[in-house]
Each structure stands twice: as structure tokens, then as C-alpha cells.
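Open your viewer and get ready to select things one at a time. Each stop on this tour tells you what to pick next and what you will find there.

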Amino acid sequence: MSVKIFIVDDDESVCRAIKTLLMTYDFDVRTFNSAQSFFDAISPDQPGCLLLDIHMSGPDGWEVQKQIFASGSTRPVIFISAEKKDDATDRALKAGAVGFLQKPVNGQTLVDLINTTSKS
Amino acid sequence: MKKKLNIKSNILKVKKPLVKKITRNNLEEKVLQQTDELRIREGQLKQGANRERLSANREKLGADREKIAEEQIHIQNKAMEATSDGIFIIDTQRPNFPIVYANPSFFALTGYSKSEIIGKSYFQIYGADRNLRVSQEIEQTLRQGKSFHGEMLNFRKNGKKYWCLLRIAPIRNATGVVTHFVGTKTDTTLMKQRDLEIEEQREELLHVTRVGKLAEFVSSLAHEISQPLTAILSYAQAAQRLLKEKDPQVREILQYIINDDQRAAEVIRRLRSLLKKNKPSFETLDINEVTNDTVTLIMAHITAKNKVIKLDLGSNLPLIQGDRIQLQQVLLNLISNSLEAMEENPASHNLFVKTSLKNDTILVQVKDSGCGIPQENMKKLFAHFFTSKPDGLGMGLSISRSIVEAHDGHLEASNNPKGGATFYFTIPVNRKND
């Protein structure tokens, strides 16, 4: 069974492109254009790694991660953002995320990070 | 000696028979006659005395008047000596227009001594440092008998600069001919300096605002460009993987796309780090002080636009923690926006800025009587790149909001019931000082 990946990014083209790329690595990918549509469709206990954009209208990535963490879900989260502040990786790890990648994301780097989460 | 004595005796001789001639019969007549004479004489004497008294009075009055006039001149002279304005008098009846009087302040202001000024042509006293254009203009004006008014940069004898407000007015004689000029020099250096300082501060703040806008602009732009670059990279890498070992030429082309995508991303990364915003420096602030300072900076602008700003600053407001420059930026932005909103409506003059305490926060309101905010714009008002102005960048309000939020506050807007809009923000009070 292939590893499940959820992408939440309000940019449709980014969703589609990363999905296309990850599918070449045989991941099972679903995309969402808002945090709300993700929460509506996927229950917290459903396994899968979440690729989460930070800058979104509505609740931003940090807010979404907080909700996931607060709900007791163990879902691995990888932040993907165009802007990378100096403390972003630290902040991401402290928030319980697996990592922080800056856009544009190199495919192999992303896949390596996903693979470490699914092994652990 | 003998001769003289003879004469004397002769006189005596003449008088004696006259007395002897007076008889009893005409005695009464004589008495009456003499009484009349005496009466006339008395009347004449009385008249004479009156006249004398009158003229004495007149003389006294004249002396009093003279004394008063002297006193007046004395006071006027003293006043000329006492005033801090430099005063001088030019004689126009001599061709070189010499200065015939200058008060002590004039010497103090110009740094020249009395002997260097009095009797010298007014047009020559400023030496080589003078502004040729201005002094020529003054000379032309005075030679035409007209008055002059102007503010200019002058030099003291020691070369030190000072700003001076110069007014020269003609003095005419009874026939209307200009005989003299009286000039007043006021040292406006301090006022000018204050004006310049305000202008500099305003420029500095505008510069900070512009740099802030640029940084925010680049940041937003970088975000917008990073998205397609992300998509392009992912698509290209996906295509490369799908091709596997097939079609090495297309794989090579895809590699070029990937390389250039990463190059573009690197440019953006560098640009971003170049314009990394300075961290705000927080200090304890009095919001009224910040408001007053900001209004001072934009006052000239408000007056030039023929608008009136009314401040209603709450008393005894608690202090806040904040970045002075950033909060000034927010206020300046809100006030400028209000002025622009009011520009289209010449009937609206008043702009209100109010500070008050509301539930543990300082509330700052900027209320205008302008065109208000169309309902459809309300939601987008604080978004990056949203603007209703033809030459606007759409960054002002979004930056203002991010500044206020960095202070743990909120920036909102609403339309007033009677027209115009109010922008208001809150900043939590400094609990350490409670």
C-alpha cells in the first residue's frame, strides 16, 4: 500500500504540480485548496503525511498545525512556504512538525523527508 | 563838569514856573483830568498785564509740549535701542544711500561695529558673502522708492549664516518725496531651523515608509513569483522522472528548465534577504506624544490642503510598549489617507484624531469627513496591492495593519453614519507600568 500524502495550498497550480511530481514516486496524493476543505474531508485518525502551505487566506499553516496537534492527531506535517524566516525550521519543529521546506521545493529533498516520516 | 551842572539847573528852572502856574480855579479840573488819565492808564496796564500773563501761559504750554515731545522722542529712541529686531535708517537723498542710523540689535545681528555701518552705503555693507541676486533686487526696489519684504540667508561679519526677515519701508516728507527708508531685520534662524528639522523628520519618516513599502512589496512579489516557480520546478522534475531513460534530449531541456527555475528562486531569496525588515525596537511610549509628533510632521501638509486637524487626546492615558517610528508611520499613513479622501470634497474640512482608553487598550481613531469607503472595498482594504487611488501601490494600509499587529493590536475601518470614514487601532497598555 502506497503512502498517503495530503497537500493543502491555496494555489491550485502548486497543488497540481507537486501532486504530479509525487505521483511519479508512487505516492497516493490528494490536494486541498483550503484548510477547511481538508478538515471536512479527512478525519484526524486517517493516516497520511500533510504538506502544508503557510501563507493562506483563512487560517494560516501555523494555525492549522496547532489545530491538528491539539486534536491529538499524530499526523506528520511538513511546512512548505515561499518565505523562510531564520527561525522557521525551529518553529516548525517546536510546533510538532517534521520539517520546513522553502519553495520552490526540490522533488528529491521532499521525497527524502516524506520517507523519513513514514519509516518512523 | 560845569556845563553839565548848568543844564541840570535849567531843567529845574523850567519845572518850577509850571507848578507855580496851577491856580485854585483849575485845580479840580486838573484832578478830574488826571483821574481820567490814571483810569485809562490803569486800564492799559491791566490789559498789558493780561497780555503778558497770556503770553507767559503760552510760553509755559509750549515748554510743556516741547517737554512731552522730547520725552516721546526719548522713549522712541529707547524703544529702538531695546527691541531685539535690527532697525536701520537709510538716507535716500544722498546717491549712495548711506545708513544714518542703526540700533544696537542691528550691530549685534550683523556683527559689524558702528563705524563699519554708519555713513556706509546700504548696498555695500554686506561684503563679498552677500547673495548678489537678492542684493540687486533690494537695490532696484529701493532706488524706485518702493518697500521691500523678504526672507533670506545672511552672513554675519564672521561668516556665520543666519536667516533674516528683512522689511524696508519708505519715509516721505510733507511733499511726498521719499527722503529715508526704515529697515527692520528679524533673526528667523531658530524658526527656520525648527521648520527644517520638522521637514527633515518628515522626510526621514517618509523614507522609512517607502523602504518599508518596498520591502513589503518585494516580499509580496517574491511570494507571488515563488508559487509558479514551485509549480514549474515540480512539473519539470515530474516530467524528467516520467521520461526515465527515454528521450535524453528532452530530459536535457527539462534540466535547463529546472536550473533556470532554481536560478530565479535564488534571485528572489537574495532580494528578500537584502530587504529584510529591521526588527522593531520597542520602548515605553506615550501615545499622545507619538500623535503630537506625527501631527507636527504633517501639519504643513494639512494646512496646504486647506484642512483642519482637531486633536482630542485623552488625559492620563497609560503608557504602551511600541516602536515610535513604526507607530508614527501608521498614524502618518492614516492621516494622509484621510486627507486624500477629503480632497475630492472641498466642503469637508475637519479631520479628527482621538486617543482614549478602552478595555486595557489604547484606542486611536482617525476620523475624516471624506468620501467614505464603498462597501465592496471594505473587505479588501487591508490586502496587499489593493488600492482605490490611481497612483497608489496598495501597501500603506497592509503595512499599517502588520505594524499594529506586531504590537499585539488591531487596525480596523468603518464608515461614519454622517459620511466619511474612521480608521482606528488599538495597542495594549503597558501592564508593567500599572
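Helices (H or I, at least four residues) and strands (E, at least two) are runs assigned by DSSP and numbered from the N terminus. With that in hand, select Ala300(B), which sits in helix 8 (residues 287-304) of chain B. Before moving on, a word on the model: it is predicted, so local features need pLDDT of at least 70 and side-chain atom pairs count only at pLDDT 80 or more, while totals for chains, interfaces and linings use all residues. Residues are numbered from 1 along each chain as its sequence is written, and chains are lettered from A and ligands numbered from 1 in the order in which they are written.

Is Ala300(B) buried or exposed? A residue is buried if 20 or more other C-beta atoms, placed from the backbone, lie within 10 Å of its own, exposed if 12 or fewer, and partly exposed in between. Ala300(B) counts as partly exposed because it has 13 C-beta neighbours inside 10 Å. Now add Ile198(B): the two are 102 residues apart in sequence, yet their C-alpha atoms are 9.5 Å apart in space.

Next, select helix 6 (residues 189-243) of chain B. Its 55 residues should span 81 Å at 1.5 Å a residue (the expected span takes one less than the number of residues), and the end C-alpha atoms are 78 Å apart, which agrees. Just after helix 6 of chain B comes Lys244(B), with a positive phi near 50 degrees.

Keep helix 6 shown and bring in chain A. Counting residues as in contact if their C-beta atoms lie within 7 Å, the contact takes 18 residues from chain B and 15 residues from chain A. Of the side of chain B that touches chain A, helix 6 of chain B supplies the largest share, 16 residues.

Now for the inside. A nonpolar core is a set of buried Ala, Val, Leu, Ile, Met, Phe, Trp, Tyr and Cys residues joined through C-beta atoms within 7 Å. The largest one has 42 residues, and Ile7(A), Leu52(A) and Phe79(A) have the most contacts inside it. Helix 6 of chain B gives the most to this core, with seven residues.

Last stop: strand 11 (residues 410-415) and strand 12 (residues 421-428) of chain B run antiparallel and are joined by six bridges; strands pair if DSSP finds at least two bridges between them. Look for His410(B) opposite Thr426(B), then for Gly419(B) in the hairpin, where phi is positive, near 95 degrees.

Definitions and conventions:
Two residues are in contact if their C-beta atoms, placed from the backbone, lie within 7 Å.
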